[in-house]
Amino acid sequence: MKITFAESAKADIIAFLVDEDGDLPEAAAALNETTGGLLSEAMDGSRFSGKKDQQAFIVLPKGSDARRAVLIGAGKKDKRDARVLEGLGANLYKSHSSSGFKSLAVHAGSAEDAARIALGAKLASYRFDTYFTKLKDDQKPSLESVTLVVSDVPAAEAAFVPLNAGAEGTKLARDLVNMPPNDLYPASFAEKCRELGQYGVQVEVLGEAELAKLGMNSMLGVGQGSVKESQLGVMKWMGGAEGEDPVILIGKGVCFDTGGISLKPGPGMEDMKWDMGGAGAVAGAMLALVGRKAKANVVGVVGLVENMPDGKAQRPGDVVTSMSGQTIEVLNTDAEGRLVLADALHWTQEEFQPARIIDFATLTGAMIIALGNEFAGVFSNDDKLAEDLHDAGEITGDRNWRMPIDRAYDKLINSPIADMKNIGPRYAGSITAAQFIKRFVDEGVKWAHLDIAGMVWSDKPGATWDKGATGYGVRLLDRFVTDRFER
Ligand code: BES
Ligand code: MN
Ligand code: ZN
């Protein structure tokens with residue numbers, strides 16, 4: 001689907017935003033006039049008052065510039081923030097994408113508003129249909145273009161550049177999460193990271209031999225039951241000042257999580273193809289950053305493994321020595337994400353001087369019990385960092401809520417035979433998981449862990465996504481970097 005900005009546009013469908021209890025905007029009023037009041041009539045006939053997302057649909061007379069007119073309620077003016085505008089763009093796209101019409105023009109208001117509406121439409125236009133071989137034409141969207149009608153076209157185009165980069169990053173994250181696990185495994189994920197090289201990201205991939213040499217036994221233990229080779233992907237975008245410490249993004253990339261020998265129950269196990277959603281968000285964020293040439297130094301690290309049961313698989317009871325030197329009693333092979341993150345975190349701190357570390361992981365089912373599918377849980381040793389992430393989440397819609405970490409929880413993962421065990425007691429499972437990760441964060445490093453188990457996948461369509469992968473985290477990270485690390 002193509003997005004353009006223009007001062008005027010001829011399109012099959014022409015849409016106007018109407019304030020709640022407000023008058024028709026100028027262009028719509030003019031159309032109302034020339035059509036003998038068709039727009040007012042449609043509003044009266046459909047209880048249209050301009051409430052957010054209401055629509056009134058008008059069949060225009062033959063010979064009109066457009067075939068249909070649409071009025072969309074834009075809600076109260078003072079409540080019209082970025083998220084509302086994106087929602088309107090998404091709603092317009094979804095409502096008319098399969099209408100049979102090919103082009104939609106939206107009279108958008110300011111340049112900034114137009115860019116936001118365009119972003120919503122673009123996010124909503126995402127489809128993952130590469131595996132269908134028999135789609136009929138009427139099962140594919142008919143809408144080919146959305147044009148935002150604005151007076152200052154260059155300003156709208158300029159405002160759209162960074163938003164578009166965020167949308168492209170979101171698309172990459174969604175593609176990775178949606179891909180079936182026979183096609184997306186550690187090496188093929190690493191290949192997708194390498195492809196970011198063409199845009200200027202420096203990419204490096206470490207394989208099992210190198211990881212073993214480095215002593216990353218905690219991460220390697222998770223992948224040892226799989227025929228797929230574990231990989232550590234590193235993506236660097238050094239768009240900021242030379243020598244400035246980078247923001248580090250770390251993603252859990254368990255390309256499939258069977259639970260290992262602590263095997264998960266069969267029903268629903270297919271969900272565990274999206275256990276790489278943290279790594280997907282990191283890869284997507286890197287694409288967003290390079291796409292808008294962010295003036296910041298950012299390094300993305302993804303720990304890519306497959307957790308399988310096998311004769312070679314790790315056993316419950318095994319003790320592994322992590323790269324940090326700390327030993328871990330692996331009591332449950334299904335608590336594998338933290339084992340991957342532990343080594344990825346340590347390696348990163350050896351390699352770089354992090355300004356901040358933010359890790360993303362579909363770490364615990366308990367996180368979904370606590371917060372459902374509305375907020376990710378944030379665990380952080382730094383109040384300001386947690387606050388910044390929260391703010392970035394409210395703007396982008398990638399919402400997150402802070403959870404506690406505390407010495408009292410940390411005690412719960414002490415092991416009788418090693419430095420720690422990889423599970424705690426039944427309760428507070430998301431917190432003990434965060435405490436585990438924290439044990440691999442060096443003193444003085446500002447760190448946040450986002451447990452995104454409830455956010456990566458959606459069983460129902462949302463504001464700007466369909467069922468399936470949401471792309472959670474990409475725009476959050478992009479926004480965080482914009483607001484806190486760029487001038
Ligand atoms: N990947 C899962 C967590 C998960 C579950 C994510 C459901 C999304 C949806 C993780 O590796 C896991 O299995 N965690 C266990 C931890 C437990 C064994 C301590 C869990 O949450 O049950
Ligand atoms: Mn697991
Ligand atoms: Zn997992």
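**Entry 1: Glu486**

I looked up Glu486 to see whether its place is buried or exposed. Glu486 has a relative accessible area of 18%, so I entered it as buried, the cut-off being under 20%. This is a predicted model, and I read every value below as computed from it. In the chain, Glu486 belongs to the segment after helix H15, which spans 474-485. I then checked its side chain for partners and found a polar contact of 2.8 Å with the side chain of Arg292.

**Entry 2: the zinc ion**

Next I asked which residues coordinate the zinc ion (ligand 3). I found Lys252 through NZ, Asp257 and Asp275 through OD, and Glu336 through OE, at 1.9 to 2.4 Å. Read along the chain, the spacing of these donors is K-x4-D-x17-D-x60-E. I noted which parts Lys252 and Asp275 come from: strand S9 (residues 247-257) holds Lys252, while Asp275 sits in the loop between S9 and helix H9 (277-291), so the pair ties together parts that are 23 residues apart in sequence.

I went through the angles as well. Six donor atoms surround the zinc ion (ligand 3), and they subtend 78 to 173 degrees, which makes the arrangement octahedral.

I looked up accessibility for two of the donors. Lys252 has a relative accessible area of 1% and is buried. Asp275 is buried too, at 2%.

**Entry 3: the manganese ion**

I repeated the search for the manganese ion (ligand 2). Its protein donors are Asp257 (OD), Asp334 with both O and OD, and Glu336 (OE), and they lie 2.0 to 2.2 Å from the metal. What is the geometry of this site with six donor atoms? I recorded it as irregular, with angles of 71 to 167 degrees. The sequence spacing of the donor residues reads D-x76-D-x1-E. I placed Asp257 in strand S9 and Asp334 in the loop between strand S12 (327-330) and helix H10 (337-351); the pair is 77 residues apart and links distant parts of the chain.

Accessibility came next. Asp257 has 2% relative accessibility and counts as buried. Asp334 comes out at 21% and counts as partly exposed. I kept the cut-off in view here: buried means under 20%, so Asp334 does not qualify.

I then looked at the two metals together. The manganese ion (ligand 2) and the zinc ion (ligand 3) lie 3.1 Å apart. Asp257 bridges them.

**Entry 4: ligand 1**

How many residues surround ligand 1? I found 17, and the closest are Lys264, Asp275, Asp334, Glu336 and Gly365. Asp275 and Glu336 were already in my notes as donors to the zinc ion (ligand 3), and Asp334 as a donor to the manganese ion (ligand 2). By type, I sorted the shell into six nonpolar, four polar and seven charged residues. S9 and helix H11 (365-371) each supply at least two residues of this shell.

I looked up polar atom pairs to ligand 1 one at a time. The side chain of Asp257 has an N or O atom 2.9 Å from an oxygen atom of the ligand. For the side chain of Lys264, the distance from an N or O atom to an oxygen atom of ligand 1 is 2.8 Å. Leu363 takes part through its backbone, with an N or O atom 3.5 Å from a nitrogen atom of ligand 1. I also checked cover: on its own, ligand 1 has 520 Å² of accessible area, and the protein covers 77% of that.

**Entry 5: positive phi**

I searched for residues with unusual backbone angles. Most residues other than glycine have a negative phi. Asp21 is not a glycine, yet its phi is positive, at about 55 degrees. I located Asp21 in the loop between S2 and helix H1 (26-34). Its relative accessibility is 63%, and Asp21 counts as exposed.

Arg47 also went on the list, with a positive phi of about 50 degrees although it is not a glycine. The place of Arg47 is the loop between helix H2 (38-45) and strand S3 (55-59). Arg47 is exposed, with a relative accessible area of 76%.

**Entry 6: Ser8**

Last, I looked up Ser8. I found Ser8 in the loop between strand S1 (2-6) and strand S2 (13-18). At a relative accessible area of 58%, Ser8 is exposed. I took its distance to Glu387: the C-alpha atoms are 42 Å apart in space, and the two residues are 379 apart in sequence.

How values were computed
Residues are numbered from 1 along each chain as its sequence is written. Chains are lettered from A and ligands numbered from 1 in the order in which they are written. This is a predicted model: local features need pLDDT of at least 70, side-chain atom pairs count only at pLDDT 80 or more; totals for chains, interfaces and linings use all residues. Side-chain values use heavy atoms; hydrogens and water are left out. Donors are N, O and S atoms within 2.8 Å of the metal (3.2 Å for Na, K and Ca); water is not among the atoms, so sites may look incomplete. Four donors count as tetrahedral if all angles lie between 85 and 135 degrees; four count as square planar and six as octahedral if opposite donors are over 155 degrees apart and all others between 65 and 115; anything else is irregular. Helices (H or I, at least four residues) and strands (E, at least two) are DSSP runs, numbered from the N terminus. Buried means under 20% relative accessible area, exposed over 50%, partly exposed in between (1.4 Å probe, protein chains only). A residue is near a molecule or strand if one of its heavy atoms lies within 4 Å of it. A polar contact is a pair of N or O atoms within 3.5 Å; within protein, one must be able to donate a hydrogen and the other to accept it, and residues adjacent in sequence count only if both atoms are side-chain atoms. Accessible areas come from the Shrake-Rupley method with a 1.4 Å probe; for residues, only the protein chains shown count as cover. Ala, Val, Leu, Ile, Met, Phe, Trp, Tyr, Cys and Pro count as nonpolar, Asp, Glu, Lys and Arg as charged, and the others, Gly among them, as polar.
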